[in-house]
Amino acid sequence: MMRPVLVVNRLDAERLQRLIDTAAHRDVVAEALEAELERAEVVEPEEIPADVVSMNSQVRFTELGRGTELTRTLVYPHALADTPDGLSVMAPVGAALWGLKVGETIDWELPNGRRIQLRVDAILWQPEAARQYHR
C-alpha cells in the first residue's frame, strides 16, 4: 500500500512522540501513528507548507467511500473538550490526516479492520500559516 509523503513540523513530531510514549496502553492507532511519524519528513515549524495538515489545523476532507465531506480541527486529545469541531490525532481518522497535503488521498485501516479512503480537500486554517509556530 503506497502512502503519500508526510511533512510534519518538529514540535508536532516531538509532542506526538511523547504522547505515544506515555500512552497507558499501546493500541492500533498509537502504533499506526508512530509508524507514520517514523516515515515522515520532519521540518522546522516555519518551513511547513501552507497546504499541509498540521496539529491545530482546521481541515475539510472527504471520506471517499461514503462521499461524506467533513470539516474538523486536528487536536491533541486533551484539547477535544475545548474544540467544538475537534478530531483527536489519536483517533483513526485524525492519525490518517496528520501530515497530508491538500489534494492527497490515503487508504487507512480502522481498528475494526474496515478500510477507508480519505482525501484532504482544503485547509481552512493552519497555525504555521498564521505564524503561530508554537501552538
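Is Glu36 buried or exposed, and what is its relative accessible area? In this predicted model, Glu36 is buried, with a relative accessible area of 3%, a classification that follows because buried means under 20% relative accessible area. The residue has its place in helix α2, and its side chain makes a polar contact, at 2.8 Å, with the side chain of Arg39. When neighbours within four places in sequence are left aside, the residues in contact with Glu36 are Arg3, Leu6, Trp98, Ile106 and Trp108. Two of these, Ile106 and Trp108, are residues of β6 that point to one face and are themselves buried.

Helix α2, which spans residues 28-39, is also paired with helix α1, residues 10-21, the two axes coming within 10 Å and crossing at roughly 150°. The crossing in which α1 passes α2 is left-handed. On the α1 side the contact is made by Ala13, Leu16, Gln17, Ile20 and Asp21, and on the α2 side by Ala30, Leu33, Glu34 and Leu37. Sorted by character, the residues of this contact comprise six that are nonpolar, one that is polar and two that are charged.

The strands β5, β4, β3, β7 and β6 form, in that order, an open sheet of five strands with mixed pairing. The edges of the sheet are occupied by β5 (86-88) and β6 (105-109), each of which has a single partner strand, so that one side of each is left without a neighbour in the sheet. From one strand to the next, the twist averages 45°.

Taken from the β5 edge, the pairing begins with β4 and β5, which run parallel and are joined by three bridges; within this pair, Leu74 has Leu87 of β5 as its bridge partner. Strand β4, residues 68-75, is joined in turn to β3 by six bridges, and these two strands run antiparallel. Thr62 stands opposite Glu69 of β4. The hairpin of β3 and β4 has four residues between the strands, and in this hairpin Gly67 takes a positive phi near 70°.

On its other pairing, β3 is joined to β7 by six bridges, again with the strands running antiparallel. Here the bridge partner of Thr62 in β7 is Arg119, and Arg119 is likewise the bridge partner in β7 of Thr105. Thr62 is thus placed opposite Glu69 in β4 and is bridged to Arg119 in β7.

At the β6 edge, five bridges join β6 to β7, residues 115-125, and the two strands run antiparallel. Besides the bridge of Thr105 to Arg119, Asp107 has Gln117 of β7 as its bridge partner. The two strands form a hairpin with five residues between them, in the turn of which Gly113 has a positive phi of about 95°. In a regular strand the side chains alternate between the two faces of the sheet. Such alternation is found along β6, where Ile106 and Trp108 point to one face and are buried, while Thr105, Asp107 and Glu109 point to the other and are not. The buried residues of this strand, Ile106 and Trp108, are among those in contact with Glu36.

Positive phi values also occur at two residues other than glycine. For Asn56, phi is near 75°; this residue is found in the loop between β2 (41-43) and β3 (58-63), and at 12% relative accessibility it counts as buried. For Arg131, which is not a glycine, the positive phi is about 60°. Arg131 lies in the segment after β7 and, at 67% relative accessibility, counts as exposed, because the exposed class begins over 50%.

Key: Residues are numbered from 1 along each chain as its sequence is written. This is a predicted model: local features need pLDDT of at least 70, side-chain atom pairs count only at pLDDT 80 or more; totals for chains, interfaces and linings use all residues. Side-chain values use heavy atoms; hydrogens and water are left out. Axes are lines fitted to C-alpha atoms, for helices over the stretch in contact, and angles run from 0 to 180 degrees between N-to-C directions. A crossing is left-handed if the near helix is turned anticlockwise from the far one by less than a right angle, and right-handed if clockwise. Contact means heavy atoms within 4.5 Å. Ala, Val, Leu, Ile, Met, Phe, Trp, Tyr, Cys and Pro count as nonpolar, Asp, Glu, Lys and Arg as charged, and the others, Gly among them, as polar. Buried means under 20% relative accessible area, exposed over 50%, partly exposed in between (1.4 Å probe, protein chains only). A polar contact is a pair of N or O atoms within 3.5 Å; within protein, one must be able to donate a hydrogen and the other to accept it, and residues adjacent in sequence count only if both atoms are side-chain atoms. Two strands pair if DSSP finds at least two bridges between them.
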